[in-house]
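Work through the exercises below with the structure open beside you. Try each task before reading its solution.

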There are 2 protein chains.
Amino acid sequence: MANQKNREIRLKSRPVGLPTTDNFELVETAVPTPGAGQVLVRNSYISVDPYMRGRMVDRKSYVPPFQIGETLQGGAIGQVVASVDNSKLKAGDYVQSMNGWREWFVSNGNDLQKLEPAAELPAYLGALGMPGLTAYAGLLRIGALKDGERVFVSAASGAVGSIVCQIAKAKGCYVVGSAGSAEKVAYLKEIGCDRAINYKAADDLNAAVGTAFPEGIDVYFENVGGAHLEAALNHMRPGGRIPLCGMIDMYNATEPPPGPRNLAMAIGLGLTLRGFIVSSHADMLPDFHRDMAKWAKEGKMRWRETVVDGVENAPKAFIGLFSGENIGKMVVRVGPDKAV
Amino acid sequence: MANQKNREIRLKSRPVGLPTTDNFELVETAVPTPGAGQVLVRNSYISVDPYMRGRMVDRKSYVPPFQIGETLQGGAIGQVVASVDNSKLKAGDYVQSMNGWREWFVSNGNDLQKLEPAAELPAYLGALGMPGLTAYAGLLRIGALKDGERVFVSAASGAVGSIVCQIAKAKGCYVVGSAGSAEKVAYLKEIGCDRAINYKAADDLNAAVGTAFPEGIDVYFENVGGAHLEAALNHMRPGGRIPLCGMIDMYNATEPPPGPRNLAMAIGLGLTLRGFIVSSHADMLPDFHRDMAKWAKEGKMRWRETVVDGVENAPKAFIGLFSGENIGKMVVRVGPDKAV
């Protein structure tokens, strides 16, 4: 490792509007040397997620903003390469951390979760990780889904949306997903959606949603905001629920876009719109793992990743989230994969 | 009664924008004669409420639209003048009904609730009636208010808002109301609000809300929509709740106004926005009556009405709701008051 270099991505400047690669900086450093009790970890996969855009803005939020010049943070899966008498981790162990956007790091182990991979590594950044739990908690707890209901999902082919669709199908629901290309629509059919809307090809999203839901929507899983939320509101059933998971349509807006003009429909219909972040629902992890394993075994749960190679391409992968370049979870391979 | 005439208000045309008196028609008819088993009722007070504006539009909603040429409907308190062997009601009984906007009517009694008035009659159209229950259910069930929380109320001097403020105070909360005149602000102080905002005098509503809530808002009781909702969202605490009771700001809009630009704040803060209508919460009536009697006895609950005289002035009273001409409940006196 003496000759090896670590490469990492730092925030060079705060993006205005859609981020560009100029907002990021690739920096080469020495691979750090673990001290007593520490481990040296080589990352295999790192995560890029839409929520990270919010952390690039300098404002008070539920997670503190990234600082200019600092290495970016995010989910990562890696392997311990050396352990200097760390009491819990030894060389060869797989670990999950928030030390993404870099190839190597050292840690005393307190910020690492040991992983016993039973699936391909990137799944732990997607379906079996934070986005999967987001789908699970958002649909079942926040959305209070009941078996057999009518479910609409935006950004349905994404990391969270594609799991939402399949959980709802596993619960016997009628499920319609919206996505932005013919390829994605085909994927939604593959994973069991009853119908799929290509919103980029639809002349009138509101009409398309109405056609897909002749009896209305019980749960709209909100990942997008804007026209999707307005269209969904127009077709909600009395007592309907709208888990607010993300509003990717506005993350890069330089002027805050207007909200839905028809929010007052929530009054007469008794609708609930409820925002949430996954970290508030960590108590659901055991149920989540149990159910996902069961559904996967029954052939009811599939996932895929869009894999970009090389830490130097992490900014491009991140930026690509906002033009929908991923199907399933977007991850960046930054090191050796699991030896299977 | 043979020589007496009944006067009633019919919908003449559907309002576009703010209703005008031309949308209504005063019609004189004979006082109807009760048949076998029926009662003849003389109304004393009738209710005008913002929600009625929605029923003047020809669209599917939670209550069917008013029809052109029909007598308008709404809450009313009256007295039985004659009973032709009705099994439950006799002359002199006070009754509550939805047969408002008229002076006289006959009924078989099935659509009437007998009233044993323990307060002045108009209170049963306001604090002790539908608006009072709206406040109670909206704040305690929909808003899930906890003792000692921080509560913001818009249209706070109105029929619903003024009761919301006092329930919150009875629960030991910090309460700030917003209203549209110095007189209303003085009334809010009278009924115990910790602070009151005159939104018409405030240069910057958002800043005024921020100043009033240095520690943020736990529950925002929404009666108004528009700038009030946006300002409240900017100052909500994590886990905050927003019962959506009304959005009077948009009831007369000919073009639907944009929604709040900052709805995405609900995600990170885990906010719940929940619409409701009072008729879904009739099961709370016994608790409501018990608590209101207790609070009134303890001096913690007061109310007032803005009384307009004469059924011919009901349209003007109704239209006045939208320019805030009422403090407390707006009612129209259309017949003899209770003989006290």
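**Exercise 1.** Find which residue of chain A comes closest to the rotation axis, and state how the two copies are related.

Solution. In this predicted model, the residue of chain A that comes closest to the rotation axis is A:G259, whose C-alpha lies at 1.9 Å. Next, take the operation itself: chain A is superposed on chain B by a rotation of 180° with a shift of 0.0 Å along the axis, and the RMSD is 0.0 Å. The two copies are therefore related as by a two-fold rotation axis.

Now turn to the interface. Of the interface residues of chain A, 100% are also interface residues in chain B, so the copies meet through the same surface.

**Exercise 2.** Decide whether chain A is as compact as a globular protein of its length.

Solution. Start with the contents: chain A has 9 helices and 15 strands. Its radius of gyration is 21 Å, and the globule rule gives 20 Å for 340 residues; the two values are close, so chain A is as compact as a globular protein of that length. The box filled by its C-alpha atoms, taken along the principal axes, is roughly 65 × 45 × 35 Å.

Then look inside the chain. Of the 340 residues in chain A, 51% are buried. Among contacts with a separation of 6 or more, 67% are between residues 24 or more positions apart.

**Exercise 3.** Is helix α6 of chain A, residues 227–234, largely enclosed by the rest of the structure or not? Name what its buried residues pack against.

Solution. A residue is counted as buried if 20 or more other C-beta atoms lie within 10 Å of its own. By this count, the buried residues of α6(A) are A:H228, A:L229, A:E230, A:A231, A:A232 and A:L233. That is 6 of the 8 residues in the helix, so α6(A) is largely enclosed by the rest of the structure.

The partners of these buried residues, all in chain A, include the strands β8 (150–153), β9 (174–179), β11 (217–221) and β12 (236–244). The helices α5 (205–212) and α7 (265–269) are also packed against.

**Exercise 4.** Describe how α5(A) and α6(A) pack.

Solution. Two packed helices are described by the angle between their axes and the distance between the axes. For α5(A) and α6(A), the angle is about 40° and the axes are 9 Å apart. An angle of about 40° is neither under 35 degrees nor in the range 65 to 115, and α5(A) is therefore oblique to α6(A). The crossing is right-handed.

Finally, list the residues that meet. On the α5(A) side they are A:L205, A:N206 and A:V209. On the α6(A) side they are A:A227, A:H228, A:A231, A:A232 and A:N234.

**Exercise 5.** Repeat the description for α2(B) and α3(B).

Solution. Helix α2 of chain B covers residues 130–142, and helix α3 of chain B covers residues 161–170. They pack at an angle of about 45°, with axes 8 Å apart. This makes α2(B) oblique to α3(B). In passing α3(B), α2(B) makes a right-handed crossing.

The contacts complete the description. From α2(B), B:P131, B:G132, B:A135, B:Y136 and B:L139 take part. They meet B:I163, B:V164, B:I167 and B:A168 in α3(B).

Note on methods
Residues numbered from 1 in each chain as written. Chains lettered and ligands numbered in written order. Predicted model: local features only at pLDDT ≥ 70, side-chain atom pairs only at ≥ 80, totals over all residues. Helix = DSSP H or I, 4+ residues; strand = E, 2+ residues; numbered from the N terminus. Rg over C-alpha atoms; globule rule 2.2 N^0.38 Å. Buried ≥ 20, exposed ≤ 12 C-beta atoms within 10 Å, placed from the backbone. Contact = placed C-beta atoms within 7 Å. Least-squares fit on C-alpha atoms with pLDDT ≥ 70 in both. Axes fitted to C-alpha atoms, helices over the stretch in contact; angles between N-to-C directions. Parallel < 35°, antiparallel > 145°, perpendicular 65-115°, else oblique. Left-handed = near helix turned anticlockwise from the far one by under 90°.
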